[in-house]
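Here is a friendly walk through one protein chain, from its overall outline down to a few individual residues. Keep the viewer open and follow along as each region comes up.

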Amino acid sequence: MSYTVETINDCTKKIVFNFETLDLTAEIKTAIVQKQKTTSLKGFRKGKAPLSMVEQVYGPQIQSEALNQFVQNQFFDAVQKEELRIVGYPSFENMNYDEGKSVKFDALVEIFPTVEVKGLDKITVAKETVAVSDEDVTAMEKNYLGSRAEMKEIEEDVKLANGQFAVLNFQGEKEDGEKPENMKGEEFLLEIGSGQFIPGFEEGMIGMKKGEKKVIELTFPGDYHVEELKNSKVKFDTELLEIKQKVFPDFTDELAKEFGFETVEDFKTKTKDNLFKQKEREVAEKMHQEILEKLIEANKFDVPASLVSQQEASLKEDLSRNLKGQGFNEQMLGEYFEKWAGDLSEKATFQVRSGLILDNLAKKYNVEATDSDFDAKIEEMAAGSGMQADQIKGYYSSDAKLKGNLMYAIREEKTFEKIKEEIKLK
């Protein structure tokens, strides 16, 4: 055997190759043939020059390509013999080539770590009770009626409260006395409690009366998206012009039909059922997160850096889309990712560890996502969204990657159900 394998850590191997005699005849022939296909030499059509002439003209390049082919072949032969589950591409180091006689080189490669999950019987998590109140259903009713609601001014002498709408003038002033135009608003409509303004602004307006003026002093958050305003003090001169509220129409059977329900009672029944399922999912996701945190704490192992990098890149891509939708430009994105680089790396590492642990447990439980699981998930999604099952199925079936991601999620859900049979729920 012309190589030895060294363990760097749980997921990194170094394969040290040493060929004291070297015969590149086969690789050189292959390289010449490949070069001939793309070569145009004087007096010959492309791909028709004699092999001997191609070798004569491109000798050094051909030998380099032959050596590269030899290195690749030896590496993959070793990987197969050692049954290594490699991640990404190898890094070739310490190349020492004595032309035509011998070669030495190292191949540094990442592999999937061997994960043996332990400590399931020691994990305890709380199982939250799921309930849907009449207030939850009423809030959903208002969401449906929102497009039919009217904004009306409150004429009585009242104080501004959460849930009401303020029509106001405001002007922000920085510590140095500057009054930027982007901190100014006239007859601006603001829902109190919506969180539209920086923390403290809407709270500072609560209790004001129509016609009242007030100076609200605040500090911009440390994670504010404009660098120069982070943690800076500001005061807002405000004037409350009007107090308004949304007036909703009565929810009748006629309106319920317009929203796709038979009656108001049908709306309430189906909405309560959908809200219950939604809360069940939220509780399950919270529990699954807690389970993973405890499993990761109990099972220490190295993870491949390349997998973490791939996951981090995926997180950045998703975040970029969301932040651009909020108005972020490239400079703002760069500042954001620079500030939260550590958090992104930590999250990516957690997700990679979680995936490896769940994959190990799925194999232990012989869990697989089947076509019937896929169909059941489509029906569940249809019931929760109001869309047709065939439409959702067509969407996922049209893209192999989308369907693959959904099947992976189904496999994880089934794995968590098996995990719950082994841990303690209180």
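## Two asparagines with positive phi

Let us begin with a backbone detail. This is a predicted model, and in it Asn94 counts as exposed, since its relative accessibility is 55% and the cut-off for exposed is over 50%. Asn94 sits in strand β3. Although Asn94 is not a glycine, its phi is positive, at about 50°.

Asn231 also has a positive phi, of about 60°, and is not a glycine either. Its setting is a loop, the one that links β9 (213-219) and β10 (233-247). With a relative accessible area of 55%, Asn231 is exposed.

## Overall outline

Stepping back, the protein contains 13 helices and 11 strands. Its radius of gyration is 32 Å, whereas a compact globule of 426 residues would have one near 22 Å. The C-alpha trace spans about 100 × 60 × 50 Å along the principal axes.

Of the 426 residues, 34% are buried. Taking contacts between residues at least 6 apart in sequence, 67% of them join residues at least 24 apart.

## The four-stranded sheet

Which order do the strands of the open sheet follow? Four strands take part, arranged β1-β2-β4-β3, and their pairing is antiparallel. The edges are held by β1 (3-9) and β3 (86-98); each has a single partner strand, so one side of each lacks a neighbour in the sheet. On average, neighbouring strands here are turned by 20° against each other, with direction ignored.

At the β1 end, six bridges connect β1 with the antiparallel strand β2 (residues 12-19). One pairing to look for in the viewer is Thr7, which stands opposite Lys13 in β2. Helix α3 (residues 59-82) packs on this sheet and touches β1, β2, β3 and β4 (102-111). The direction of α3 makes about 130° with that of β3.

## The nonpolar cores

The largest nonpolar core holds 34 residues. Those that touch the most other members are Leu120, Ile291, Leu295, Ile357, Leu361, Ile419 and Ile423. Two or more core residues come from each of α7 (264-298), α8 (305-325), α9 (330-339), α10 and α13 (400-422). Helix α10 gives the largest share, eight residues.

For a closer look at one of these members, try Ile423. Leaving aside residues up to four places away in sequence, Ile423 touches Leu120, Ile123, Val125 and Ile291. There is also a second, separate core of 21 residues, and its members include Ala166, Phe170, Met183 and Ile216.

## Ile216 in the second core

Is Ile216 buried or exposed? Ile216 is buried: its relative accessible area is 5%, and buried means under 20%. Ile216 belongs to strand β9.

The contacts of Ile216, again without residues up to four places away in sequence, are Gly200, Phe201, Gly204, Met205, Val234, Lys235, Phe236 and Thr238. For a distance to check, take Ile216 and Gly200: they are 16 residues apart in sequence, and their C-alpha atoms are 8.4 Å apart.

## Asn360 on helix α10

What does the side chain of Asn360 reach at 2.4 Å? The partner is the backbone oxygen of Val115. Asn360 lies in helix α10 (residues 341-364), the helix that gives the largest share of the largest core.

Asn360 counts as buried because its relative accessibility is 18%, and the limit for buried is under 20%. Beyond residues up to four places away in sequence, Asn360 touches Val115, Glu116 and Val117.

## Ser52 on helix α2

A last stop is Ser52, found in helix α2 (residues 51-57). Ser52 is exposed, with a relative accessible area of 54%. Ser52 and Ile32 are 20 residues apart in sequence, while the distance between them in space is 8.6 Å, C-alpha to C-alpha.

Notes: Residues numbered from 1 in each chain as written. Predicted model: local features only at pLDDT ≥ 70, side-chain atom pairs only at ≥ 80, totals over all residues. Heavy atoms only, no water. Buried < 20%, exposed > 50% of the residue type's maximum accessible area, 1.4 Å probe, protein only. Polar contact = N/O pair within 3.5 Å; in protein donor to acceptor, adjacent residues only side chain to side chain. Contact = heavy atoms within 4.5 Å. Pairing = 2+ DSSP bridges. Axes fitted to C-alpha atoms, helices over the stretch in contact; angles between N-to-C directions. Core = buried A, V, L, I, M, F, W, Y, C linked by side-chain atoms within 4.5 Å. Rg over C-alpha atoms; globule rule 2.2 N^0.38 Å.
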